[in-house]
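Got your viewer open? Here's a short tour, with something to select at each stop.

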Amino acid sequence: MSDSVFKNYIAGEWVEGNKGNLANISPADTSDVIGHYAQADKAQTEAAITAAAVGQAEWAKSGLERRYSVLMAIGDELVARKDELGELLAREEGKTLAEGVGETYRSGQFFHYYAAEVLRQMGETADSVRPGVEIETRREPVGVVGVITPWNFPTATGAWKIAPALAFGNAVVFKPANQVPASAWALTEIISRQGLPAGTFNLVMGPGAEVGDVLINSRGINALTFTGSLETGRKVAMATAANLVKCQLEMGSKNALVVLDDADLDNAVECAVGGAYGGTGQKCTASSRLIVTEGIHDRFVAAVIERMKKLVVGHPLKAGVHIGAVADARQMEQNLGYLDSAKNEGGTLVYGGEVLTEETEGYYMQPALFTNTTNAMTINREEAFAPIACVIKVKDYAEALATLNDTNFGLTGGICTASLKYATDFKRNAKTGCVMVNLPTAGTDYHVPFGGRKDSSFGPREQGTYAKEFYTVVKTTYIRA
């Protein structure tokens with residue numbers, strides 16, 4: 001148990017929260033208090049936004065090599081401390097130690113990638129339709145960026161938003177999910193030692209109803225990037241639109257993995273199990289719908305069950321554990337509600353779904369698999385964010401594709417097949433932002449665009465070179481010699 005108090009970071013100073021402190025309790029061991037984290041109020045959030053505007057003006061003038069060095073240093077420290085910070089992440093979020101370490105390492109890679117992007121900022125020239133006139137285009141910082149991140153990837157989501165924001169000369173006001181302040185604070189502490197102009201980076205921990213509300217409604221924010229629920233995303237979109245603030249949203253999904261008769265069974269099982277249950281199923285890219293053609297259906301279900309029997313649920317820091325804790329009591333209650341809903345609507349629970357008791361008091365759940373489900377069931381329409389997967393039996397590829405696309409979401413979609421014909425058709429016709437062929441739906445690279453369609457995403461893509469569309473504005477200059 002820790003009595004340590006961790007402060008917010010505003011205008012280059014560590015400051016106590018006007019709303020007191022919030023205990024950060026591990027979902028894997030409710031006796032494990034990671035620390036007490038300062039809670040900002042409306043006035044402190046507004047102060048951070050004001051400070052960001054001042055810091056951004058100076059940071060935007062910094063030389064490219066200065067920005068490159070700062071981002072490289074942040075990335076280097078995240079990589080060097082991956083074990084320590086990965087353990088911290090696992091304690092507060094509940095994912096396994098291996099997942100926590102991997103997320104921290106990947107976060108360092110984001111900063112390394114965007115450090116390189118700093119040196120690749122080049123404009124374009126064009127001839128004018130008018131004689132004697134030349135044209136130049138260049139990208140400039142958008143200004144002050146509000147960053148609101150979720151609890152399931154507390155380090156990586158912050159990293160892939162903050163790194164490009166700083167790389168392109170912007171200032172940041174960072175509001176992490178209140179469930180996971182420790183990882184955000186650790187990242188901020190690293191950034192605070194890089195000698196940035198005061199106000200260039202700010203951390204405002206606190207409730208979304210107060211801190212988040214100020215950010216999404218502020219005219220002092222020039223762009224706001226948000227990852228979270230669809231319901232909250234819609235509120236963000238409406239609030240930012242009212243002030244004509246640039247907005248980028250990554251929201252929910254209901255991803256599906258299609259398994260065709262000709263699929264390699266062993267690979268399909270690994271794709272399904274890894275995609276559905278990795279990270280305790282608490283991923284926006286998780287494959288919670290398993291759409292399986294009738295010829296392979298029975299063999300696939302039997303093989304998935306056998307594979308699930310080998311999954312070890314337990315304390316995330318314990319060796320040999322594959323699935324850690326559910327995020328908190330509220331999430332556990334929601335998970336159990338979806339189990340009941342699936343049963344009541346006719347689904348057959350063929351494995352798992354039990355609440356487990358471990359050595360430590362926490363929120364543990366055996367991964368669950370349903371069969372005899374249809375795409376119309378609540379469990380297959382709403383994002384459960386749980387270690388629950390549902391099999392939907394279909395006749396053929398055409399029905400499988402139609403079922404995959406029959407959703408309000410569209411983040412990722414996968415297919416397991418040996419057919420080049422079906423794989424090619426799927427790549428073109430799956431209405432998702434990311435498509436995986438013979439791979440799990442969960443798992444993306446940091447140097448290419450990430451995002452979805454329909455209710456999953458709104459605004460410019462994240463990650464890779466596409467990030468500049470959000471974090472910069474284009475200026476066109478006309479010159480008569």
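How many residues of domain 1 are in contact with how many of domain 2? Before you count, bear in mind that this is a predicted model. The tally is 23 residues of domain 1 touching 27 of domain 2.

**Stop 1: the two domains.** Colour 5-251 plus 456-479 as domain 1, then 256-437 as domain 2; those bounds come from the domain assignment. Drop a marker at the centre of each, taken over C-alpha atoms, and you'll find the two markers 31 Å apart. Now for what is hidden between the two. An interface's size is often quoted as the accessible area lost when the parts come together. For domain 1 and domain 2, the area buried is about 1,900 Å², and carbon and sulfur atoms give 57% of that.

**Stop 2: the annotated span.** Next, select residues 14-476, where an unreviewed UniProt entry places the feature "domain: Aldehyde dehydrogenase". Show the C-alpha atoms at the two ends of that span: they lie 40 Å apart. Switch to cartoon and you're looking at 40% helix and 22% strand across residues 14-476.

**Stop 3: helix α1.** Select residues 42-59 for this one. With 18 residues at 1.5 Å a residue, α1 should span 26 Å, and its end C-alpha atoms sit 25 Å apart, so the two figures agree. Zoom in on the start of α1, where a side-chain oxygen of Asp41 comes to within 3.3 Å of the backbone nitrogen of Ala43. Then show the buried residues of α1, among them Gln44, Ala48, Ala51, Ala52, Gly55 and Trp59. Why look at the spacing? An α-helix has 3.6 residues a turn, so residues three or four places apart point the same way.

**Stop 4: Gly75 in helix α2.** Move on to residues 64-80, which make up α2, and pick out Gly75. Is Gly75 buried or exposed? Its relative accessibility is 0%, so Gly75 counts as buried. Leave out residues up to four places away in sequence, and Gly75 touches Gly108, Phe111 and His112. For a longer hop, draw a distance from the C-alpha atom of Gly75 to that of Gly252: 177 residues along the chain, and 28 Å in space.

**Stop 5: Thr157 in helix α5.** Finish at residues 156-167, helix α5, and select Thr157. Thr157 has 1% relative accessibility, so Thr157 is another one that counts as buried. Which residues does Thr157 contact, leaving aside neighbours within four places in sequence? Light up Thr149, Pro150 and Thr227 to see them.

Terms used
Residues are numbered from 1 along each chain as its sequence is written. This is a predicted model: local features need pLDDT of at least 70, side-chain atom pairs count only at pLDDT 80 or more; totals for chains, interfaces and linings use all residues. Side-chain values use heavy atoms; hydrogens and water are left out. Helices (H or I, at least four residues) and strands (E, at least two) are DSSP runs, numbered from the N terminus. Buried means under 20% relative accessible area, exposed over 50%, partly exposed in between (1.4 Å probe, protein chains only). Contact means heavy atoms within 4.5 Å. UniProt positions are given in the numbering used here, feature names are shortened, and annotations may be inferred rather than shown by experiment. The expected span of a helix is 1.5 Å times one less than its number of residues. A polar contact is a pair of N or O atoms within 3.5 Å; within protein, one must be able to donate a hydrogen and the other to accept it, and residues adjacent in sequence count only if both atoms are side-chain atoms. Domain bounds come from an automatic or database domain assignment. Buried area is the accessible area (1.4 Å probe) that two parts lose on being put together, summed over both.
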